[in-house]
Amino acid sequence: MGSAAYRFVFFFFVVIFSLFFFNDTATTEIYTLSLHDALPISKTVLVSGGAGYIGSALVSRLLSDTDLNVKVFDNLMYGGDSLFHFFNFKKFSFIKGDLRTFDLPKILNGVDFVVNLAALVGEPICKKYPKEAQEINFEANINRSEERV
């Protein structure tokens with residue numbers, strides 16, 4: 001794996017671990033310091049599926065606790081209410097689109113890190129829409145990762 005891949009894995013681990021296990025002020029300060037030390041300032045992270053539950057929680061933490069620019073990509077299948085208050089941040093941008101059909105080079109222009117959370121989540125929705133679940137959760141992700149390599 002290249003240096004960028006190691007930074008991504010480290011970044012992803014620190015963010016996800018911190019979101020779910022660090023809740024008090026002291027640990028949040030540790031999280032903020034370690035994240036600032038790990039990532040250079042003025043980088044951009046793309047969060048696909050950023051309007052979902054975990055995605056919007058991640059976006060909130062990235063905007064409030066880092067100097068990263070945050071670009072969210074989502075088709076708003078479940079609505080976009082969770083994103084409304086982020087539009088007040090200068091370092092936030094949003095792109096509405098479908099993971100299956102978006103123009104990868106256009107979306108990734110200027111992006112340094114990607115956190116892919118776009119998926120149909122849970123058995124009920126996957127049973128109700130099996131074709132879409134296969135296309136989004138598996139095929140689109142495989143196709144996009146192959147394009148990137």
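**Exercise 1. The pocket**

How many residues line the second largest pocket, and which of them lie nearest its centre? Then work out what kinds of residues they are.

*Solution.*
Step 1. Keep in mind that you're looking at a predicted model. The second largest pocket is lined by 22 residues. Nearest its centre lie Gly49, Asp74, Leu117, Ala118 and Ala119.
Step 2. Sort the lining by type: you get 14 nonpolar residues, six polar ones and two charged ones.
Step 3. Now look for the helices and strands involved. Both α3 (53-65) and β2 (69-74) supply at least two residues each. The biggest giver is α3, with three residues.
Step 4. Finish with the volume of this second largest pocket, which is about 420 Å³.

**Exercise 2. The whole chain**

Describe how the protein chain is put together, from its helices and strands to its surface.

*Solution.*
Step 1. Count the pieces: the protein chain has six helices and four strands.
Step 2. Put them in order along the sequence, and the pattern reads α-α-β-α-β-β-α-β-α-α.
Step 3. Check what's hidden. Of the 149 residues in the protein chain, 38% are buried.
Step 4. Turn to the outside, where the protein chain exposes about 8,900 Å². Carbon and sulfur atoms supply 60% of that area.
Step 5. Take the contacts between residues at least 6 apart in sequence: 63% of these join residues at least 24 apart.

**Exercise 3. Serine 56**

Is serine 56 buried or exposed, and which residues does it touch beyond its neighbours within four places in sequence?

*Solution.*
Step 1. Find serine 56 in helix α3.
Step 2. Read its relative accessible area, 13%. The cut-off for buried is under 20%, so serine 56, at 13%, counts as buried.
Step 3. Skip the neighbours within four places in sequence, and serine 56 is in contact with Gly50, Ala51, Ser82 and Phe86. Hang on to that last name for the next exercise.

**Exercise 4. A cluster of rings**

Classify the ring pairs that involve Phe86 and Phe87.

*Solution.*
Step 1. The structure holds four aromatic pairs. One of them joins phenylalanine 86 and phenylalanine 92, with 5.7 Å centre to centre and 45° between the planes, which makes it tilted. Both of these phenylalanines are buried.
Step 2. Phenylalanine 87 and phenylalanine 94 pair at 6.3 Å centre to centre, with 65° between the planes. Planes over 60 degrees apart count as edge-to-face, and that's the label for this pair.
Step 3. Compare the burial. Phenylalanine 87 is partly exposed at 47% relative accessible area, and phenylalanine 94 is partly exposed at 25%.
Step 4. Put it together: ring pairs link Phe86, Phe87, Phe92 and Phe94 into a cluster.

**Exercise 5. Two residues to look up**

What is the phi of leucine 76, and which residues does isoleucine 107 contact beyond its neighbours within four places in sequence?

*Solution.*
Step 1. Locate leucine 76 in the loop between β2 and β3 (92-96). Its relative accessibility of 25% makes it partly exposed.
Step 2. Leucine 76 has a positive phi of about 60°, although it isn't a glycine. Most residues other than glycine have a negative phi.
Step 3. Move to isoleucine 107 in helix α4 (residues 104-108). Isoleucine 107 is buried, with a relative accessible area of 6%.
Step 4. Leaving out those sequence neighbours, isoleucine 107 is in contact with Leu46, Lys71, Phe73, Ile95 and Phe102.
Step 5. Lastly, go from isoleucine 107 to glycine 97, ten residues apart along the chain: their C-alpha atoms are separated by 9.7 Å.

Technical notes
Residues numbered from 1 in each chain as written. Predicted model: local features only at pLDDT ≥ 70, side-chain atom pairs only at ≥ 80, totals over all residues. Heavy atoms only, no water. 1 Å grid on protein atoms, 1.4 Å probe; cavity = no way out; pocket = protein on both sides within 12 Å on 5 of 7 lines; lining within 4 Å. Points joined across faces, edges and corners; volume = space filled by probe spheres on them. Nonpolar A, V, L, I, M, F, W, Y, C, P; charged D, E, K, R; others polar. Buried < 20%, exposed > 50% of the residue type's maximum accessible area, 1.4 Å probe, protein only. Contact = heavy atoms within 4.5 Å. Areas by Shrake-Rupley, 256 points an atom, 1.4 Å probe, with all protein chains shown as cover. Phe/Tyr/Trp six-rings, centres within 6.5 Å; stacked < 30°, edge-to-face > 60°.
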